[in-house]
Structures are given as structure tokens and as C-alpha cells.
Amino acid sequence: EWQPALKSVSSSWDVGIIDGLSGWTASVDDVPADTISRRFRYDVALVSALKDLEEDIMEGLRERELDDSICTSGFTVVVKESCDGMGDVSEKHGGGPAVPEKAVRFSFTIMSISIRAEGEDDGITIFQEQKPNSELSCRPLCLMFVDESDHETLTAILGPVVAERKAMMESRLILSVGGLLRSFRFFFRGTGYDEKMVREMEGLEASGSTYICTLCDSTRAEASQNMVLHSITRSHDENLERYEIWRKNPFSESADELRDRVKGVSAKPFMETQPTLDALHCDIGNATEFYKIFQDEIGEVYQKSNPSREERRRWRSALDKQLRKKLKLKPVMRMNGNYARRLMTREAVEVVCELVPSEERREALQKLMDLYLQMKPVWRSTCPSRDCPVQLCQYSYNSQQFADLLSTTFKYRYDGKITNYLHKTLAHVPEIVERDGSIGAWASEGNESGNK
């Protein structure tokens, strides 16, 4: 039971899998509407997840020596939400209905459950998800045949999910756990999104925009000049306000002035996401960048003005050949997590240095990788203050050193431009860790593994 009752959600609880387009009478396109999506009702899925954790909750109360007959209210549940597109899911030899050959999957993970005793300020955590990035803790909520770039269809299907989530935030769940009725409040944090999805949900321009960051208002040029000193300014509410300004243009400005005023918010923010950094795609984005630096260093680009495509191709094949021979690392079409993890190692940089002619450049490359490897555990680990306290303390210093190296030795690549994830890695990590306690725990891996 929910108190007060959930707005715009039916009170029947024995709900199974529902048609994700329920409520939309006509089909969105020429796709048969009843095939396009399936989902669980959000409140029912959460209740089911809590019932799964019933033993853990009771165990947590016993471990904290709390009398479970007194603990009937004041439970707080923190939920991580993830959503990701799934590329090509076409039928290989099917005769099924015509549906888009892309899919999107939305899921949630119960991250922690805490209880606040009467008159106490701080909650006591009685359950903490130990493997927040495993597909086992990541519960699917909605599956849809939609291309993640098809904003209209995506918002049509996720609209009811957003409405249910909003209703649950304004209500409490009364649920029998361990034989007694207890009351739960829910907090939702949308952190398991890659940058593309965040920009779509929050109404920002696509990732090639001059507004490089989903956390601050910096432009690409500013971010390459000042690599480290930025703070998080964007929020869902502010994006909504900016969208209204974009829509109404109250000061009758030109398109460029208006765009500068709203910092690239040009669509209506649809779902609230938590401004954070996605650790998995951060890995991948930065590895891609290092892979390109390796090629440039093999070809000594810092001495040349603009090398031909032929030359670049030669350097790339030399790099691939070397990595395959020495590290058994096969070239990949698109950078993936596993390749990224193997490329970003000291061994890889030593192997690459064998192809770099100048001693000075070799040292610079090794220093760059060393600094990166010092920084990486901070945004990868589930609990940095416990797992890598030293690196956490040194993060700002290391990122400053890293930025100095990029803007001097590697200036040819970072003059007026920098990649989105590199900016976030250098500028925003300490602030997010201070706020959330972790970046790695809130990443999208669990959902990605579930997609597989």
C-alpha cells in the first residue's frame, strides 16, 4: 500500500508484464504498437525487489542490534537507474513483425537501505549493495524496440515510467517485511546513463556541441584553456528553466546570443539524471584518446604541420602491429571496455615507446600514463576513500600535472580542443566523489552486462 495513494497509477498490485505503450492508442509510427515495448509497473517492480531483499534487511537490523519490532518506519531506499541503447538487435532470419532494429533497456538497482531512528539525525545503513555493477543486482524495468536517438518514441514510452517515479517520490510504501508492516521512502538517482543518453534526457545538444560538458557550462575552447578548475553547475531544474528561456526568447536575442544564454539547452529536459560521470565510458573515451596520442607520437606529429591520411594510416598500422605482437592485443573496430583496460597499462606504454624515436617524448608519454593510472582508481573503485585513499588525496594535484603536460608537451592536440570525457576526468572527479562518495558504484556496467 502507498500512502498517500500514488497519483495516476492504478491501485491493483497483482500486475504482471504490461504493454509499454499502454495509454497510447494509436501507434507512434507504422510499427505495430503492441510489439514495441514491454515493462513492469515501477512501483510493483520495486516492491518485488524489496521482497527479494527481505532476508538481507532483517539480517542488517540484527547486525546493527536494532529491535525489529520497533523499526517499522523511517526506512530510506536509494535506487540507481540505468538506461542504454542496444545497437543491432535485428532478427537474423525472422518472419516477425516489422520493428526498429535497435532496442533500449531501462533498469534499476537497489543501492542501499537505511533506517533513521526516532529523534536521530543520521540514518543507519542496514543494506548496501556489494556488487552495484553486476547484472545480478540490476533489475530490468522496461524493454523497448526503439532507436535511442528517436527522442519522440523514447519519451512516449518512458513517459509513464517518469510519472510513476514522480508519484513514488511524493509517497511512502507500506510493506510487510519480516512479518511487520514497515514504511519506506524512495530516492532515485539516474546515474547509469552514457553521455549521449544524458544529453537526450536533459535536453542538451549532442556530444559534438561546443558546450562540451553535461556537468558545467564550459565551452570546448574554455575547457582546453583551463583544464582543471571547473565546478558542477548544471542541474535538471536549471535545464528546465533554460529550456523555457530558449522557447520564449524573452530578451528577443539573436539565435547565437540565445544559445549562449541557455548554454546549449535546446530541447525540453525529460527525465532527471544525476550530474555525474559514467566510469565505463570515461575509460573508453580516454583510451580512445590515448590510442590517438600513441599514433601521433609514433609519427612525431609535434614537428609536422598536417600529415597526410596515408601517413596516419601507416602509423596506425604500425601501432596495431606492435600491440598485437607484444601484448597479443587485437585491433578493434570500436573501442570497448576490455580493450581500453588493456591499453591503459604501463606495459602498453612501454611497448608503444619502442616505436617512438625521441627519448624525451618517450619520457613524456610514460609520465602521462603514470599520472593517468594514479587517477583512474578514484573514479573506478566502488568506495575510493576505502580502496585508494592516497590517490584520492592526490587527485587534484595529479590532474593538474596531467593538464600541464597536455597543454605543453602535447599542445599540438589540445590547442583549443579537448574531448568531453577528458575534460570531466580532469575537472569534475573530486567534486563528484566528495558529493556521492563514489563514481564507480554509480556507473552503467551492470546495465551494460545485462544488455549482453
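Which residue forms a salt bridge with Asp 52, and how far apart are the closest N and O atoms? Select Arg 139 together with Asp 52: Arg 139 forms that salt bridge, and the closest N and O atoms are 3.0 Å apart, where a salt bridge is a side-chain nitrogen of Lys or Arg within 4 Å of a carboxyl oxygen of Asp or Glu. Arg 139 lies in strand β7 (residues 139–144) and Asp 52 in helix α1 (residues 42–52), so the pair ties together parts that are 87 residues apart in sequence. Helices (H or I, at least four residues) and strands (E, at least two) are DSSP runs, numbered from the N terminus. Arg 139 has a relative accessibility of 21% and counts as partly exposed, given that buried means under 20% relative accessible area, exposed over 50%, and partly exposed in between (1.4 Å probe, protein chains only).

Before going on, note that this is a predicted model, in which local features need pLDDT of at least 70 and side-chain atom pairs count only at pLDDT 80 or more, while totals for chains, interfaces and linings use all residues. Residues are numbered from 1 along each chain as its sequence is written, and side-chain values use heavy atoms, with hydrogens and water left out.

**Stop 1: the two domains**

Colour residues 2–193 as domain 1 and residues 195–451 as domain 2, following the domain assignment of the protein chain; these bounds come from an automatic or database domain assignment. The C-alpha centres of domain 1 and domain 2 lie 31 Å apart. Their contact (heavy atoms within 4.5 Å) takes 33 residues from domain 1 and 28 residues from domain 2.

The area buried between domain 1 and domain 2 is about 2,700 Å², of which carbon and sulfur atoms give 57%; buried area here is the accessible area (1.4 Å probe) that two parts lose on being put together, summed over both. On the domain 1 side, select Asn 133, Arg 189 and Tyr 193, which supply 27% of the area that domain 1 buries against domain 2, more than any other three residues.

Two salt bridges are found across the interface of domain 1 and domain 2. With Arg 189 still selected, add Asp 436, since the side chains of Arg 189 and Asp 436 meet in a salt bridge at 3.0 Å, N to O. Between domain 1 and domain 2 there are also 13 residue pairs in polar contact, both residues being at pLDDT 80 or more. A polar contact is a pair of N or O atoms within 3.5 Å; within protein, one must be able to donate a hydrogen and the other to accept it, and residues adjacent in sequence count only if both atoms are side-chain atoms. The elements that give two or more residues to the side of domain 1 that touches domain 2 are β4 (75–85), β5 (104–115), α3 (151–169) and β9 (180–192), and α3 gives the most, with eight residues.

**Stop 2: helix α4**

Select Glu 195 and Arg 199, whose side chains meet in a salt bridge at 2.8 Å, N to O. Both residues lie in helix α4 (residues 195–201), four residues apart, about one turn of the helix. Glu 195 is buried, with a relative accessible area of 6%, and Arg 199 is likewise buried, at 3% relative accessibility.

**Stop 3: residues 275–437**

The UniProt annotation "domain: V(D)J recombination-activating protein 1 ZnH2", from an unreviewed entry, covers residues 275–437; UniProt positions are given in the numbering used here, feature names are shortened, and annotations may be inferred rather than shown by experiment. Over residues 275–437 the chain is 74% helix and 0% strand, with the end C-alpha atoms 14 Å apart.

Within that range, select helix α11 (residues 346–353), in which Ala 348, Val 349, Val 351, Val 352 and Cys 353 are buried. What covers these buried residues of α11 includes α8 (279–298), α9 (309–327), α10 (337–343) and α12 (359–380).

Next, centre the view on Asp 283, which lies in helix α8 and is buried, with a relative accessible area of 3%. Leaving aside its neighbours within four places in sequence, Asp 283 is in contact with Ala 340, Arg 341, Tyr 372, Lys 376, Trp 379 and Arg 380. A polar contact of 3.4 Å joins the side chains of Asp 283 and Arg 380. Add Glu 445 to the selection: Asp 283, Arg 341, Lys 376, Arg 380 and Glu 445 are linked in a network of salt bridges.

**Stop 4: backbone details**

Finish with the backbone, where the peptide bond from Gln 3 to Pro 4 is cis, with omega near -15°, and Pro 4 is placed in the loop between β1 (2–3) and β2 (17–19).
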